[in-house]
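The following questions and answers introduce a structure to a reader who has not met it before. Each answer sets a value against the criterion it must meet.

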Amino acid sequence: MRRLGYVWQRIATILGLLLLTIPALVWGASLDLKVTPDLVEIGAWFRGHRVTVSGMIPPGAEAVMEVVGQTSDEHLMRKGRRGGLWMNVGEIDIHNAPSLYMVMSSNPKLLDTAVSEAPWGFAALKRRVTLSGMIDDQEKPQFFDQFLELKGSEGLYTTFKDPIKKSRAADDLVPVKGEFRLPTNVKPGTYEVCLTVIQDGQVSAKTCGELQVKMVGFPAMLTTLAYEHGATYGILAVIIAIVTGFAIGFLFKGGGGH
Amino acid sequence: MFGSLYLPLAGNGINILLLFGLGGAVGFLSGLFGVGGGFLMTPLLIMAGIPSTVAAASDSNQIVAASTSGTYAHYRLGNVDFKMGIILIVGGVIGGTLGVYLIKGLRAMGNADFVIKITYVVMLGVIGGYMFVESLQSMRQKPVVAAKRTAAEPAKVSLYNRMVQSLPYQMRFDKSGVTLSPLMPLILGVFVGILAAIMGVGGGFIMVPVMVYMLRMPMHVVVGTSLFQILFTCINVTIMQSITNHTVDLVLAIILLLGSTLGAQFGVRLSRRLKADQLKILLATIVLIVMVQMLASLLLTPDLLLAHKGGH
């Protein structure tokens, strides 16, 4: 009897969660998320790229936009002191960390790190990312912060200060637009771009789209050669270097008498 | 638009003029002193945002160009002792292979980084300090001091000379103007090769003082011969890195080598105008500055306690 009560309680909880999700699913379809451009090409003169994310949210709601790279494991070295000298003392493995994480909101308060339950921002990353290797449990929060700082210094994890711009409402919906600047060291791959709507402090809707980053032209050709024909690539690199060295030496021959 | 160029293997875009300038400055020093410049260029590239593994491997490729240009220029001036250079190369290859295995063993024991750091600081400190003091004394031309020193250490000098002369297969090296056993440069080549493998550099800044002080070669022949030896070391490293690690960024290397080959030519020209002691004291100063910078990075608490693999 007691067990039956427990089962009913679980079913009621699941139904409750489903009911909460329905508005999000309904709204997800009408958020009208657009990623412009949805394909970024890395060519020889690539200097990063501006990506515009736009959508529609209900009046009075707030929005959060995220660009999230594919997750992978990273192997980093931790520094420590040995014999009074600072050096690499062991390996720390970072699991489930996205290659890129960018976030912005229509209200900067939504990105406050104190809002630790939010499903976006660095606090949410902290719940997903795990650390292992030469690290104690009590050190993990400190080294997660160090990881964020390392990624931040490389321009790969960013909280944009410029809030999402809201325009005048049309058809009972408010157009929102945010601009992300992809850094020059962005890796080729598929990125998830998400727009989350927050009403009365709760997530009322979320929708995601894709952004492709692709290497093209000369950089793509060179990368293929380097990875698929390493020996040819190495010999080519040496020949280019020797020929250039001789050519410059020959050019200076005329004026080189001492 | 034209200022930034994408480096596909480094996975980053970087200013062309900055790379060209870095290449030019290090190439200038390479031509001037006969060092590859790896111990300067790699840290500078890392500071510019290039991953450390790509920086080191691509630097080896650009050193091929700079040392080709420098060797050719010195060859025209009659400053390359090919016989000595080939023996040093053979020793360097043997030493480099031994060094790679040594570092592999140390890494397995977890002591590699400590050994690398200490080797760097000690070698840079000893070489830079000795060259600096010796050149300064020589420039000041204090024959009294020199005489006193010779009188105070007669046993040390004669012991070294006796040892060198007692080695078998004595051979004349005309370009260098010395007669010694080929075992001597072979053993020293092995020693430098081991250190170069441990430190992850071409070894030019160790090889130059070894040739000057231990093989007693004249400074101008040392510079040309050192560049000749570095050329072959770096050809080997470039091909090996391309095959095993895919870390040679050709675009990065080409920009650097255009700068460095031009810089090397100016370096060679200036080297002819400077006296040997002036060259030695300049190199010693640069080596000591790098040593102090490295020592400071070892002693001061770093900003970040996490780093990517591959850097020292």
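Q: How many residues does each of chain A and chain B give to the contact?
A: In this predicted model, chain A gives 50 residues to the contact and chain B gives 50 residues. A residue pair counts because its C-beta atoms, placed from the backbone, lie within 7 Å.

Q: Which elements of chain A give two or more residues to the side that touches chain B?
A: They are the strands S5 (71-82) and S6 (85-98), together with the helices H3 (140-153), H4 (217-228) and H5 (230-251) of chain A. The largest share of this side, 15 residues, comes from H5(A).

Q: How do the residues of the side of chain A that touches chain B divide into nonpolar, polar and charged?
A: This side of chain A holds 29 nonpolar, 15 polar and 6 charged residues.

Q: What makes S5(A) and strand S5 of chain B a pair?
A: Pairing requires at least two bridges. S5(A) and strand S5 (residues 306-308) of chain B are joined by 3 bridges, so the requirement is met, and the two run antiparallel. Within S5(B), B:His308 stands opposite A:Leu76.

Q: How do you know that S6(A) and S8(A) pair?
A: Between them there are 4 bridges, in the antiparallel sense. Since at least two are needed, S6(A) and S8(A) therefore count as paired. A:Ile92 has A:Gly133 in S8(A) as its bridge partner.

Q: In what order do the 4 strands of the open sheet stand?
A: The order is S8(A)-S6(A)-S5(A)-S5(B), with antiparallel pairing.

Q: Why is one side of strand S8 of chain A, and one side of S5 of chain B, left without a neighbour in the sheet?
A: Strand S8 (130-133) of chain A and S5 of chain B stand at the edges, and each has a single partner strand, so one side of each has no neighbour in the sheet. On average, neighbouring strands of this sheet are turned by 40° against each other, direction ignored.

Q: Which domains does the domain assignment give for chain A, and how many residues of each are in contact with the other?
A: The assignment gives domain 1 (19-215) and domain 2 (216-251). In chain A, 6 residues of domain 1 are in contact with 6 residues of domain 2. Strand S2 (39-42) and strand S13 (202-215) of chain A each supply at least two residues of the side of domain 1 that touches domain 2. That side of domain 1 divides into 3 nonpolar, 1 polar and 2 charged residues. The C-alpha centres of the two domains of chain A lie 37 Å apart.

Note on methods:
Residues are numbered from 1 along each chain as its sequence is written. Chains are lettered from A and ligands numbered from 1 in the order in which they are written. This is a predicted model: local features need pLDDT of at least 70, side-chain atom pairs count only at pLDDT 80 or more; totals for chains, interfaces and linings use all residues. Two residues are in contact if their C-beta atoms, placed from the backbone, lie within 7 Å. Ala, Val, Leu, Ile, Met, Phe, Trp, Tyr, Cys and Pro count as nonpolar, Asp, Glu, Lys and Arg as charged, and the others, Gly among them, as polar. Domain bounds come from an automatic or database domain assignment. Axes are lines fitted to C-alpha atoms, for helices over the stretch in contact, and angles run from 0 to 180 degrees between N-to-C directions.
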